Amino acid sequence: KDGTPGCTLVTTDFSDHEDEFVKCDCVVVGVSRDDCLTHAEFRDRNGVNIVLLSDPEGEVCRKYGVLQEKELTDGVRRECLVRSTFVIDKKGVIRHAAYGINPRGHAMEVFDLVRRLRS
């Protein structure tokens with residue numbers, strides 16, 4: 001969710017290292033259920049330059065298995081996003097999937113993975 005501490009950390013980190021990903025012929029894209037206007041405000045407020053896509057109905061999130069139903073402490077069930085990263089090659093094949101990632105340092109972990117996959 002735009003503006004949450006984890007989202008802000010991981011998105012700005014990927015944005016700060018976007019040039020390194022581009023040198024490896026990679027495109028970094030973020031997807032969330034926030035709408036396009038919220039994404040625009042978030043990008044402007046935080047100096048983010050990576051592409052942010054909007055999935056308000058959760059269609060893409062469900063297809064990638066990141067929208068999961070969880071039971072909250074009061075017994076109510078609710079759909080929640082699991083922060084995840086996918087490395088997809090030019091043929092559309094998922095080369096790596098990571099669910100429940102830790103935002104701190106994650107962009108560089110993914111960059112190292114991309115470099116290893118290229119060799």
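**A conversation about the fold and its residues**

Reader: Is E57 buried or exposed?
Author: In this predicted model, the relative accessibility of E57 is 60%. Exposed residues are those over 50%. E57 passes that mark, so E57 counts as exposed.

Reader: Where along the chain is E57 found, and which residues is E57 in contact with beyond its neighbours in sequence?
Author: The flanking elements here are strand β2 (51–54) and helix α4 (59–63), and E57 is found in the loop between them. Leaving aside the neighbours within four places in sequence, the contacts of E57 are R33 and R62.

Reader: How far apart are the C-alpha atoms of E57 and F111?
Author: Along the chain, 54 residues separate E57 from F111. In space, the distance between their C-alpha atoms is 30 Å.

Reader: Let's step back to the whole protein. In what order do its elements run from the N terminus?
Author: Happy to zoom out! The protein has five helices and six strands. Read from the N terminus on, the order is α-α-β-α-β-α-β-β-β-β-α.

Reader: How does the radius of gyration fit the globule rule, and what is its value?
Author: For 119 residues the globule rule gives 14 Å, and the value for this protein is close to that. The protein is therefore as compact as a globular protein of that length, with a radius of gyration of 15 Å.

Reader: What share of the residues is buried, and what box do the C-alpha atoms fill?
Author: A residue is buried when its relative accessible area is under 20%. Of the 119 residues in the protein, buried ones make up 35%. Taken along the principal axes, the C-alpha atoms fill a box of roughly 50 × 30 × 25 Å.

Reader: What is the distance between the mean positions of the positive and negative charges?
Author: The protein carries 18 positive and 21 negative charges. When the mean position is taken for each set, the two points are 5 Å apart.

Reader: Which residue caps the N-terminal end of helix α3?
Author: Helix α3 spans residues 36–46, and the cap comes from a side-chain oxygen 3.2 Å from the backbone nitrogen of L37. That oxygen belongs to D35.

Reader: And which residue follows α3 with a positive phi?
Author: Most residues other than glycine have a negative phi. The phi of the residue after α3 is near 65 degrees, and that residue is G47.

Reader: Which residue that is not a glycine has a positive phi, and where does it lie?
Author: The residue has a phi of about 65 degrees, and it is D25. D25 lies in the loop between α2 (18–23) and β1 (29–32).

Reader: Why does R43 count as partly exposed, and which residues does R43 touch?
Author: R43 is found in helix α3. Partly exposed is the range between the 20% and 50% marks, so at 31% relative accessibility R43 counts as partly exposed. Not counting residues up to four places away in sequence, R43 touches V48, N49, I50 and L52.

Reader: Is S15 buried or exposed, and which residues is S15 in contact with?
Author: S15 has its place in helix α1, residues 5–16. With a relative accessible area of 7%, S15 is buried. Leaving aside neighbours within four places in sequence, its contacts are G47, V48, N49 and I50.

Reader: Which backbone oxygen lies 2.7 Å from a polar atom of the S84 side chain?
Author: S84 lies in strand β5, residues 84–88. Not counting residues up to four places away in sequence, S84 touches V66, A98, Y99, G100 and I101. The backbone oxygen at 2.7 Å from its side chain belongs to V82.

Reader: What relative accessible area does L81 have, and which residues does L81 touch?
Author: L81 lies in strand β4, residues 77–81. L81 is partly exposed, with a relative accessible area of 38%. Not counting residues up to four places away in sequence, L81 touches R33, C61, V66 and L67.

Reader: One last residue: where is R104, and what is its relative accessibility?
Author: Look between strand β6 (94–99) and helix α5 (106–118), where R104 has its place in the loop. R104 counts as exposed, with a relative accessibility of 62%.

Key: Residues numbered from 1 in each chain as written. Predicted model: local features only at pLDDT ≥ 70, side-chain atom pairs only at ≥ 80, totals over all residues. Heavy atoms only, no water. Helix = DSSP H or I, 4+ residues; strand = E, 2+ residues; numbered from the N terminus. Rg over C-alpha atoms; globule rule 2.2 N^0.38 Å. Buried < 20%, exposed > 50% of the residue type's maximum accessible area, 1.4 Å probe, protein only. Lys, Arg positive; Asp, Glu negative; His and termini not counted. Charge placed at Lys NZ, Arg CZ, Asp CG, Glu CD. Polar contact = N/O pair within 3.5 Å; in protein donor to acceptor, adjacent residues only side chain to side chain. Contact = heavy atoms within 4.5 Å.
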